[in-house]
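Q: I have a model with protein chains and DNA strands in front of me. How should I read the places where they meet?

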4 protein chains.
Amino acid sequence: MLSKGEGQVAMTPSGGLRADARRNRARILAAAGEVFAERGASAATEEVARRAGVAIGTVFRHFPTKDDLLRALMKDLLERLTEQVGRLAADGDPATALFDFFASLVEQAAARKSVVELLATAGTDVQVTAAVQSLRDGIARLLTRAQQAGAVRADVQAGEVMALLTSTGQGALQGGWDIELQARALAVIFAGLRAPAAAVRPASPRA
Amino acid sequence: MLSKGEGQVAMTPSGGLRADARRNRARILAAAGEVFAERGASAATEEVARRAGVAIGTVFRHFPTKDDLLRALMKDLLERLTEQVGRLAADGDPATALFDFFASLVEQAAARKSVVELLATAGTDVQVTAAVQSLRDGIARLLTRAQQAGAVRADVQAGEVMALLTSTGQGALQGGWDIELQARALAVIFAGLRAPAAAVRPASPRA
Amino acid sequence: MLSKGEGQVAMTPSGGLRADARRNRARILAAAGEVFAERGASAATEEVARRAGVAIGTVFRHFPTKDDLLRALMKDLLERLTEQVGRLAADGDPATALFDFFASLVEQAAARKSVVELLATAGTDVQVTAAVQSLRDGIARLLTRAQQAGAVRADVQAGEVMALLTSTGQGALQGGWDIELQARALAVIFAGLRAPAAAVRPASPRA
Amino acid sequence: MLSKGEGQVAMTPSGGLRADARRNRARILAAAGEVFAERGASAATEEVARRAGVAIGTVFRHFPTKDDLLRALMKDLLERLTEQVGRLAADGDPATALFDFFASLVEQAAARKSVVELLATAGTDVQVTAAVQSLRDGIARLLTRAQQAGAVRADVQAGEVMALLTSTGQGALQGGWDIELQARALAVIFAGLRAPAAAVRPASPRA
DNA sequence: GATGAATGAGAGTTCATTCAT
DNA sequence: AATGAATGAACTCTCATTCAT
C-alpha cells in the first residue's frame with residue numbers, strides 16, 4: 001500500500017476542471033473515504049466507484065492508480081486536520097487546545113477505519129509529506145502554547161506528540177475502544193504530558 | 001484479515017500427530033512468523049510454504065484457512081508474551097516490571113511487522129480470546145504490583161494499559177520509530193501512569 | 001485491426017468543411033501517421049489526439065472509428081505511392097523505374113512502422129480497395145515498360161510484383177534490416193525479375 | 001508484444017513435471033498455436049485457456065506472462081523448423097532442398113496466422129535468440145549445399161535468405177496469397193537466387 | 001500425510017467510444 | 001465544431017483453496 005512516488009497526480013486537484021469533473025472528483029473522494037473507512041485500504045476500487053455513482057473508468061481517470069486515490073485521500077485528511085489545528089491555535093485555550101485536538105483525533109479514528117491507517121504510512125509522497133509537515137507544524141504550535149501556559153512540561157517535543165497521536169488513533173480504531181476506554185487511555189497520556197519529567201529508563205533491551 | 005470465527009482450528013495443536021507432521025507444523029508457524037513480519041498480513045501463503053520448505057498443500061492441511069494460520073500465529077505470540085509477563089510477575093522488580101514489559105513490547109514491534117498488527121485484532125476467536133485474556137491477566141498482575149510499589153497511581157486500570165500497549169506497539173511498527181523516539185514516547189506514557197491523577201476532561205466530542 | 005466494412009467514411013474528405021475542420025483533419029492524419037509509425041497500429045487513439053493538438057472527441061468526429069482512421073491513413077499512403085508511381089511512369093527510365101520504386105518502398109518501410117502493416121491489409125474497404133487498384137495499375141504500367149525495355153522477363157505479372165513488394169516492405173520493417181541487408185535482399189528479387197524464366201517447381205506441399 | 005526479457009521461463013519445458021502438468025503444458029501450447037494463428041497475437045489469453053480445456057490460472061502457472069506464452073510458442077515453432085531443416089540437410093536433394101524449405105514455410109504461413117508474425121520479432125529473448133540462431137545455421141547449411149550443387153549463385157549469403165524467407169512468409173500470411181500467387185512469387189525469388197549476380201543498384205534514396 | 005498442479009473469482013488497469021457542456 | 005469527462009467491456013495477472021497423484 002502506498003508505494004513509490006510514481007503516478008504523479010495528473011491534474012490540479014480543484015483547479016481548471018469542468019464543473020461535473022470537479023463534482024465527480026469530490027464524490028469519489030467522499031465515497032473512497034467511506035469505503036476505506038469501513039473496509040480498510042484493501043477494499044475494492046470498484047466499490048468506491050459504485051458508492052460514488054460513477055463508472056470505474058471515471059475513478060481511474062481522476063486517480064490513475066489505486067495508490068493515487070489513497071494518497072489523495074490522505075492528503076485531504078491531513079489538510080482537514082491541519083485546518084482544525086490552525087483554528088485551535090488561533091482561538092483555543094492554550095492550556096487545553098493540544099489535549100482537545102488529541103482527543104478529537106482519537107475519537108474520529110474510533111469511528112472511521114482508515115484515518116490513521118493512512119496517517120501511519122506518511123513519508124511516501126512529496127505532496128503528502130508536505131501535508132504531514134504542515135500538520136506537524138500546527139501541532140508544534142499547539143504544543144508550544146500549551147507549554148507556555150504551563151499545561152505541558154517543557155521537555156516534551158513535537159515528535160513524540162505526533163507519534164503518540166497516530167498510534168493512539170490507530171489503536172482506538174483497530175481495538176474498537178469504547179468512549180470510556182478512550183477517556184482512560186487519553187487520561188494517562190495527558191497526565192504524562194503534564195507531569196514533571198519523571199526519571200524513567202528508556203526501553204531496557206532485555207526484560 | 002482475521003474474519004469471523006469459522007474455520008476453527010481442526011487439529012489438536014500438538015496432540016496425536018506423526019513426528020514429521022508436528023515438525024512441519026512448527027516449521028510453518030516459524031516461517032509464517034517471519035514472512036508476515038516482513039511483508040504484513042497480506043503476504044502470500046505460498047511464500048510461507050516456500051520459506052518453510054514444504055508444499056502449499058501442507059500448509060493448508062495444517063491450517064485449513066489463511067485466517068487459521070494467522071490466528072494460530074497470534075495465539076503463539078500471545079502465549080510467549082504471557083509467559084514473559086509471568087516471569088516478570090515472579091522475579092521482576094514490582095516498581096519497574098510493568099514498564100519493562102511495555103518497553104520490551106514496543107521494541108519488538110518496531111522490529112517485527114505483524115506482532116501488533118495481530119495483537120490489535122484480538123477478540124475474533126475463542127482460543128485467541130482466551131490467550132488474550134491470559135495476557136491481560138498477567139498484565140493486570142504486573143499493574144497491581146506496580147501500584148502496590150507506588151510506581152503507578154491507584155486508579156489506572158488494566159484496560160487502558162493494554163490499550164496503550166497495543167497502540168504504541170502498532171505505532172512503533174508502522175511509524176518506524178527510532179530508538180530515541182521510542183524512549184521519548186514511552187517516557188510520556190510512563191509519566192502518565194505514575195503521575196497523580198490529573199483532572200483531565202475526557203474526549204470533548206466537538207473540537 | 002481494420003475489420004469489416006462498417007463505419008464507412010462519413011464525410012467528404014475535403015468537401016464542404018469549415019476551414020478549421022479541414023485543418024484539423026489534416027493535422028490528425030499527420031499525427032496518426034507519426035504515432036502509428038512509431039508504435040504500430042495498436043497505439044492509443046488518445047495519443048494521436050494529443051500529438052495533433054486536438055481533443056479526443058475531435059478525432060472521433062472526423063473518423064467515427066479507429067478503423068476509419070486507419071483506413072483513411074492507408075488511403076492517403078496509397079495515393080502518395082500511386083502519385084510516385086505515376087511520376088516514374090512518365091519521366092523514369094523504363095529499365096529501372098520499377099526497381100527504383102521497389103527499392104524506395106522497402107526503404108520507407110524500414111523507417112516507418114505501419115506503412116506496410118497497412119498495405120498488407122488491403123481489400124477491406126471500397127475506397128481503399130480502389131486506391132489499391134490504382135497503385136496496382138501504376139505498378140503494372142511500370143512493369144510493362146520494364147518488360148518492353150527488356151529489364152524484366154516477359155512472364156512476370158503485376159500480382160507477384162505487388163506481393164513481393166508488400167512482403168519485402170513488411171519484412172524490412174519488422175526485421176529492422178540495415179541498408180546492406182536491404183540491398184542484398186533486393187538484389188535477389190531484382191535478379192529474379194530479370195532472369196530468364198527459371199524452371200522452378202512451385203511450392204511442393206510436403207517438404 | 002514480446003517485450004523485455006523478464007519473466008524468465010520458470011520451469012524446464014519438459015523436464016521434471018508431473019504427468020498431468022506436462023500434458024497441460026502441451027495442450028496450452030497447442031491451443032495457443034491455434035488461437036494466435038486464427039486471431040493474431042492480440043487474442044485473449046482466456047480464449048487459449050478455454051480452447052485448451054483448462055482454467056485461466058493454469059495458463060498463467062505455466063507461462064507467468066502472456067509474453068512468456070508467446071515466446072514459448074515461438075521457440076517451439078523455431079525448433080520444429082530447425083528440425084525440418086536438419087532433415088532436409090541430411091536427406092534432401094542439395095539442389096532443391098533450400099527451395100523446398102522456402103516454399104514449405106511460405107505455405108505454412110499462408111495457413112497459420114502468427115507463424116511469421118512471431119518469426120519477425122526475434123531477438124528479444126535469450127532462449128529464442130538461440131533458437132533463431134539454430135534455424136539460421138540450418139538454413140546456411142542448406143544454402144551452402146545448394147551453392148555447391150550449382151543451384152544457387154555463389155555470392156548469396158544466409159542473411160538475405162532468412163530475410164526473404166520471413167518477409168515472404170509474413171506477406172503470404174497477411175496478403176492471403178492463393179497457391180498460384182505463392183508459386184509465382186516464389187518463382188521470382190528462386191530465379192533471383194539462381195541467376196548470375198545481376199548488377200543492380202541498391203535502394204536509391206530518392207525516386 | 002505430503003505434494004504441487006488446477007481452479008476460478010476478483011483485482012487493477014486500459015481504451016475505443018459516447019455525450020453533456 | 002470542439003472539448004474532454006464518463007462509460008464499461010475486456011484484458012492481464014494474483015492468490016486462497018481444492019484435489020488428483
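A: Start with one contact. In this predicted model, a polar backbone atom of B:Lys66 is 2.9 Å from a phosphate oxygen of DNA strand F.

Q: What distance should I look for when I search for a polar contact?
A: A pair of N or O atoms counts when the two are within 3.5 Å. Two pairs from chain C fit this on DNA strand F: a backbone N or O atom of C:Ala55 lies 3.3 Å from a phosphate oxygen, and a polar backbone atom of C:Gly57 is 3.2 Å from a base nitrogen.

Q: How many residues surround DNA strand F, and which are the closest?
A: There are 35 around DNA strand F, and the closest are A:Asn24, A:Thr58, A:Arg61, C:Thr58 and D:Lys66.

Q: Which part of DNA strand F do the atoms within 4 Å of the protein belong to?
A: Sort them into sugar or phosphate on one side and bases on the other. Sugar or phosphate holds 68% of these atoms of DNA strand F, and bases hold the rest.

Q: Which elements supply at least two residues each to the surface near DNA strand F?
A: Look for helices that recur. Chains A and C each supply α1 (19–39) and α3, while chains B and D each supply α3. By class, this surface near DNA strand F has 16 nonpolar, 12 polar and seven charged residues.

Q: Now the other strand. Which residues come nearest to DNA strand E?
A: Out of 34 residues around DNA strand E, the nearest are A:Phe60, B:Thr58, D:Asn24, D:Thr58 and D:Arg61. Of the atoms of DNA strand E within 4 Å of the protein, sugar and phosphate account for 67%.

Q: Which atoms lie 2.8 Å apart where B:Thr58 meets DNA strand E?
A: Check whether the protein atom is in a side chain or in the backbone. For B:Thr58, a polar side-chain atom lies 2.8 Å from a phosphate oxygen of DNA strand E. A polar side-chain atom of D:His62 lies 3.0 Å from a phosphate oxygen of this strand, E. With C:Lys66, a backbone N or O atom lies 2.9 Å from a phosphate oxygen of DNA strand E.

Q: Away from the DNA contacts, which residues of helix α2 of chain A are buried?
A: Read burial residue by residue, then look for what lies over it. In α2 (residues 45–52) of chain A, the buried residues are A:Thr45, A:Glu47, A:Val48, A:Ala49 and A:Ala52. Their cover includes α1, α3 and α4 (66–91) of chain A.

Q: What follows α2(A)?
A: A:Gly53 comes after α2(A), with a positive phi near 75°.

Notes. Residues are numbered from 1 along each chain as its sequence is written. Chains are lettered from A and ligands numbered from 1 in the order in which they are written. This is a predicted model: local features need pLDDT of at least 70, side-chain atom pairs count only at pLDDT 80 or more; totals for chains, interfaces and linings use all residues. Side-chain values use heavy atoms; hydrogens and water are left out. A residue is near a molecule or strand if one of its heavy atoms lies within 4 Å of it. A polar contact is a pair of N or O atoms within 3.5 Å; within protein, one must be able to donate a hydrogen and the other to accept it, and residues adjacent in sequence count only if both atoms are side-chain atoms. Helices (H or I, at least four residues) and strands (E, at least two) are DSSP runs, numbered from the N terminus. Ala, Val, Leu, Ile, Met, Phe, Trp, Tyr, Cys and Pro count as nonpolar, Asp, Glu, Lys and Arg as charged, and the others, Gly among them, as polar. Buried means under 20% relative accessible area, exposed over 50%, partly exposed in between (1.4 Å probe, protein chains only). Contact means heavy atoms within 4.5 Å.
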